[in-house]
Structure formats: C-alpha cells, structure tokens
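Please read the following report beside the sequence and the three-dimensional view. The overall fold is taken up before the pockets and the charged pairs.

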Amino acid sequence: MNYKTPPEIAKSAVAAAISKASLPLLQMTLLGFLAGVYIAMGGYFMIVVTQDAAAFAGIGISKLLGGIVFSLGLFLVVAAGAELFTGNCLMPIGLLAGKISWSGMLRNLSVVYAANFAGALFFALLIFKSGVLSKNCADYALSIAAAKVRIPLSQMILRGLLCNWFVGLAVWLTFGALDMSGKFIALLMPITAFVAMGFEHCVANMFFLPLGLMIKSGLTAAGAPIPAPELTIGSIFGNLIPVTIGNIIGAAFFLGVLYFVIYRRDIAKN
C-alpha cells in the first residue's frame, strides 16, 4: 500500500509531536517564520486569483478556486519543511501518550505562533511595498480584512474551531501519505473546503489583516477616504485571539484527543 492505515497515522502523529517538542529554539523559530511566509504566499495567491472571479464564474466557483490555490501554503509547509501553529495543535496526542511534556508542547506552540506571525507580517509588508498590488487586488484585500474584524466574537471562535478541524485533518492525512504527490492530494480537499466554507485560520489572518491595515493606511496617507474605519491594530487582535482559541480546540480536541482515545492501544504498542 502507498499509504498508512489510521492506527499508523496516529503513531506518526505521536512521533511528529516528539520531534516538534525537541526542536532547538533557533530551528523552531526559523521554521515557524517560514511557515508564516508560506501561508501568506497562499493567501496572496488566493487574492490574485479570486479578486475578480466571482464576476464571471459566480461566488461558489470563486470560493472553490480560492481554496484550491490557498492550499499552496500548507503544501509548502509540508513539502519544504516548516512549523505551522495550526498543524502543531495536534501535539496533544503526544502529550496524552506520555511522550512529550506540557512544557515541551507549550514551548513549541508559543514560539511557533510568534514566528508564524513574524513571517506572515514580513510577507504582507513585502507585497505592500513591492508595487504588485493592483487597485482591484488592494480593494479586495481590504474588503477581506474588514469583513473578518466585523465577525461576532462567538462566530470567530466557532469558525476558528471548524477551520482547524479541517486543517488538522489535512495535516493528519499527510502523515498517512508516503510520497509527495500523495501528501498534496491528501491536503487539497480539506484546505479547499475550509476556505470555500468561510472559516477562520489564525495564521492566514496574520497576513490578511495586517495587509488590509497597510492598504487602508496607505490610502489615508494619500488623502483618500478611509474605507474601513473598523480595521485597526486593536481589531486585528480582536480577531486573532478568539480565532486562535477556536483553532486550538478544533485540532487539539477533535483530532488529537479523540484519535488518542480511539487508537491508544495501537499507540501504546510502540
């Protein structure tokens, strides 16, 4: 077989948690930075492809295309090697198996989260300063950011939970693939689905929201009217915090905890 069985995937997830918890700080930070950049690459790719797609293909097809191209981000994380906070929320399976400590898990998640933010912010700044943003793309990026900060708090948490249930499944399935093409196929549909359904991913938002604020600030500096007064530094964190909470629950409980309970006997055989 060119894939692992579900119990074997659970064992691979535990092994991945052990590896992640033991990474040296510099390596963890740099890999986290790259993951933030890679997710931002997928985010900007989505903006470029979908900024006018709904006009001729319809909203549903536009969202489908957006999800497909956004999957570039996770594929780069998996294939090139990087540390992504949302994927690392599967680490509780290693904790429950007794293979990693609370301190090791929290060290990884906190360092990777900060590094993801730095990478996403860096790529947003590069895009903003590079001159590649057309007016249509800038308007669309700003509308995405403004819409995200308007979501009610409870919905941010639930959309974050639903998002990382899908993203966690994408990562989980890549553990079961034995070659690069298999990993891409495994992650494509879960990532496409969460984007098309409109769920919230904290690392993607670390790109979308700062880019929107940069665009808004640039327009203001040029004397243009402010099109999104609700988009501020405060509202960015007002989105990221609840979305992050939902993301943690989505992968940590619905995948890490539940699959440990299901396959704990198989995991114990290691």
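The text below describes the fold, then two pockets, then the salt bridges.

**Overall fold**

The model discussed here is a predicted one. Its protein chain contains 12 helices and zero strands, and read along the sequence it therefore follows the pattern α-α-α-α-α-α-α-α-α-α-α-α. The radius of gyration of the protein chain is 19 Å, close to the 18 Å that the globule rule gives for 270 residues, so the chain is as compact as a globular protein of that length. Taken along the principal axes, the C-alpha atoms fill a box of roughly 65 × 40 × 35 Å. Of the 270 residues, 50% count as buried. Among the contacts with a separation of 6 or more, 85% are accounted for by residues 24 or more positions apart.

**The two pockets**

Rolling a probe the size of a water molecule over the atoms shows where empty space is left. The largest pocket holds about 570 Å³ of space, and of the 25 residues that line it, Met 46, Tyr 140, Ile 144, Val 195 and Gly 198 lie nearest its centre. The elements that give two or more residues to this lining are helix H2 (25-50), helix H4 (59-81), helix H8 (135-149), helix H10 (180-197) and helix H11 (202-221). By class, the lining of the largest pocket divides into 14 nonpolar, seven polar and four charged residues.

The second largest pocket contains about 430 Å³ of space. Its lining is made up of 23 residues, and those closest to the centre are Lys 20, Ala 82, Glu 83, Asn 88 and Phe 175. Two or more lining residues come from each of helix H1 (6-21), H2, H4, helix H5 (85-88) and helix H9 (153-176), with H1 supplying the largest share, five residues. This lining has 14 nonpolar, six polar and three charged residues.

**Salt bridges**

Side chains of opposite charge can pair when their charged atoms come close. A search of the whole structure finds four salt bridges, and the table lists some of them with the distance between nitrogen and oxygen.

| Acidic residue | Basic residue | N to O distance |
|---|---|---|
| Glu 83 | Lys 20 | 3.0 Å |
| Asp 139 | Lys 135 | 2.7 Å |
| Glu 200 | Lys 148 | 3.1 Å |

How far apart along the chain are Glu 83 and Lys 20? The two are 63 residues apart and link distant parts of the chain, with Glu 83 in the loop between H4 and H5 and Lys 20 in helix H1. Glu 83 counts as buried because its relative accessibility is 6%, under the 20% cut-off, and Lys 20 is likewise buried, with a relative accessible area of 17%. Both Lys 20 and Glu 83 are also listed among the residues closest to the centre of the second largest pocket.

The pair of Glu 200 and Lys 148 also links distant parts of the chain, as Glu 200 lies in the loop between H10 and H11 and Lys 148 in helix H8, 52 residues apart. Glu 200 counts as buried at 3% relative accessibility, and Lys 148 counts as buried at 11%.

Asp 139 and Lys 135, in turn, are four residues apart in helix H8, so they are separated by about one helical turn. Here Asp 139 is partly exposed, with a relative accessible area of 36%, while Lys 135 is exposed, with a relative accessible area of 62%.

Technical notes:
Residues are numbered from 1 along each chain as its sequence is written. This is a predicted model: local features need pLDDT of at least 70, side-chain atom pairs count only at pLDDT 80 or more; totals for chains, interfaces and linings use all residues. Side-chain values use heavy atoms; hydrogens and water are left out. On a 1 Å grid over the protein atoms alone, a cavity is a set of points where a 1.4 Å probe fits but cannot get out, and a pocket is an open set with protein on both sides within 12 Å along at least five of seven lines; lining residues have an atom within 4 Å of a point. Grid points are joined across faces, edges and corners, and a volume is the space filled by probe spheres set on the points. Ala, Val, Leu, Ile, Met, Phe, Trp, Tyr, Cys and Pro count as nonpolar, Asp, Glu, Lys and Arg as charged, and the others, Gly among them, as polar. A salt bridge is a side-chain nitrogen of Lys or Arg within 4 Å of a carboxyl oxygen of Asp or Glu. Buried means under 20% relative accessible area, exposed over 50%, partly exposed in between (1.4 Å probe, protein chains only). The radius of gyration is taken over C-alpha atoms; the globule rule is 2.2 Å times the number of residues to the power 0.38. Contact means heavy atoms within 4.5 Å.
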